[in-house]
Amino acid sequence: MTPRLYDSDIKALGYVEVQTNDMSRWRTLAMDILGFAEGSGPDPDSLYLRLDERAARIVVRPGDTDKVSVVGWEVRDREAMERVRTAVEAAGVDVQDLTAEESDARRVEAAITFSDPAGIPLEVFFGAVLDHSPVVTPFGARFVTGAQGLGHVVIPVPDQGKAYDFYVQTLGFLPRGAFRLDTPPEVGPMRIRFFGVNQRHHSLAMMPAPKQGPGLIHVMVEVDDLDTVGRAQDRVIAEGASLSSTLGRHTNDKMLSFYVRAPGGWDIEFGTDGILVDEDTYTTEEITADSYWGHDWSGGEPLAVVS
């Protein structure tokens, strides 16, 4: 069955850039444990992580504090980028162009930048420059990207109503269900909400929460077989990295995954076997459990949360 064309000009999660004050630990986690390929970029002090023909899907830059620097969303072409600009400006949000030098550093033809209601810096870009050399990962991992993009990001949002309206009504993200949190009656219902822009179940999720230190809850990357996931979890344990959650299968996107703590107090979800959504038949659903089995968080460190 041919999937329905999507209404949003946003096609996929393109890249994520973070800042850290522990580059050495980041390099060990990324290269020696999770097994990303080393990508390329103009800054010799930064770490460029490659998953596919893009020069870098994740960029780690040195800095004084740990935080998300930018979340990059991909559109088809310049006309689509201009439609996004018009919609964002109509919502009362200031939009700036990346300079030619900044776009070259991103390895894209052009991009615009603005912030979402939670204050997270976003970029919308087109014309990714491809690297056609073989993708050589240290442990043979093959990442699932393509039309599904990098994976997904989960962000903390102090005002979920404003964030929901911005991503759905302004940017055209599709709601893909929710998970109701266990909250006291006097607080009222609170939900983690999931949003898609392609066949990946969700490219974005938002958790109702005060500002979380680095501005991220987690980033998910997907590989194409379970053995790669299992071996990566073995390396996390063997190297003494912080395993936030054991292997388990999620109820909404069916992903088999574990979570490891990245420097800065947020997680990387490393998984496989996520479902593809047929938008012609999909309806939003509310899950009542995060996982069918596994995903034991009891041994994990608390997230870095600040008010």
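## A walk through two sheets and two cores

Start by colouring the strands: ten of them form an open sheet of mixed pairing, in the order β17-β10-β11-β12-β9-β13-β16-β15-β14-β18. Its edge strands are β17 (286-287) and β18 (291-294), each of which pairs on one side only. Here, helices (H or I, at least four residues) and strands (E, at least two) are DSSP runs, numbered from the N terminus, and two strands pair if DSSP finds at least two bridges between them. Before you go on, note that this is a predicted model, in which local features need pLDDT of at least 70 and side-chain atom pairs count only at pLDDT 80 or more, while totals for chains, interfaces and linings use all residues. Residues are numbered from 1 along each chain as its sequence is written, and side-chain values use heavy atoms, with hydrogens and water left out.

**Stop 1: inside the ten-stranded sheet.** Select residues 256-262 and 266-272, which are β15 and β16. These strands run antiparallel and are joined by seven bridges. To check the register, click on Y259, whose bridge partner in β16 is E269. Next, pick R176 in strand β10 (residues 174-180). R176 is buried at 1% relative accessibility (buried means under 20% relative accessible area, exposed over 50%, partly exposed in between, with a 1.4 Å probe and protein chains only). Follow the side chain of R176 to the backbone oxygen of R200, 2.9 Å away.

**Stop 2: the eight-stranded sheet.** Now show the other open sheet, also of mixed pairing, with eight strands in the order β2-β3-β4-β1-β5-β8-β7-β6. β2 (37-38) and β6 each have a single partner strand, so one side of each is left without a neighbour in the sheet. At the β6 edge, two bridges pair this strand with β7 (residues 110-115) in the antiparallel sense, and D97 stands opposite I112.

**Stop 3: salt bridges.** Keep D97 selected and add R85: the two form a salt bridge, with the closest N and O atoms 2.7 Å apart. It links distant parts of the chain, R85 being in helix α2 (residues 78-90) and D97 in β6 (residues 96-97), twelve residues apart. R85 is buried at 13% relative accessibility, whereas D97 is partly exposed at 47%. The whole structure has 19 salt bridges, each a side-chain nitrogen of Lys or Arg within 4 Å of a carboxyl oxygen of Asp or Glu.

Move to R106 and E123, whose closest N and O atoms are 2.7 Å apart in another salt bridge. R106 belongs to helix α3 (residues 100-106) and E123 to strand β8 (residues 121-126), 17 residues apart. Both residues are buried. Add E17, D43 and R61 to the selection, and you have a network of salt bridges that links them with R106 and E123.

Then select R142 and D224, a salt bridge with its closest N and O atoms 2.7 Å apart. R142 is in the loop between β8 and β9 (152-157), and D224 is in the loop between β13 (218-223) and α5 (226-238), 82 residues apart. D224 is partly exposed, with a relative accessible area of 38%.

**Stop 4: a buried arginine in a loop.** Select R54, in the loop between β3 (47-50) and β4 (58-62). R54 is buried, with a relative accessible area of 17%. Its side chain makes a polar contact with the side chain of E74 at 3.1 Å. Leaving aside neighbours within four places in sequence, R54 is in contact (heavy atoms within 4.5 Å) with E74, F125, A128 and L130.

**Stop 5: the cores.** In soluble globular proteins, nonpolar side chains tend to be buried together. A nonpolar core is taken as a set of buried Ala, Val, Leu, Ile, Met, Phe, Trp, Tyr and Cys residues joined through side-chain atoms within 4.5 Å. The largest one has 63 residues, and W73 and F114 have the most contacts inside it. Helix α1 (residues 23-34) gives the most to this core, with seven residues. Show the buried residues of α1: M23, W26, L29, A30, M31, I33 and L34. Just after α1 comes G35, with a positive phi near 85°.

Centre on F114 to see what it touches beyond four places in sequence; among them are V84, V88, I120, F166 and L171. To finish, select F179, F194, I217 and I287, which are included in a second, separate core of seven residues.

How values were computed
A polar contact is a pair of N or O atoms within 3.5 Å; within protein, one must be able to donate a hydrogen and the other to accept it, and residues adjacent in sequence count only if both atoms are side-chain atoms.
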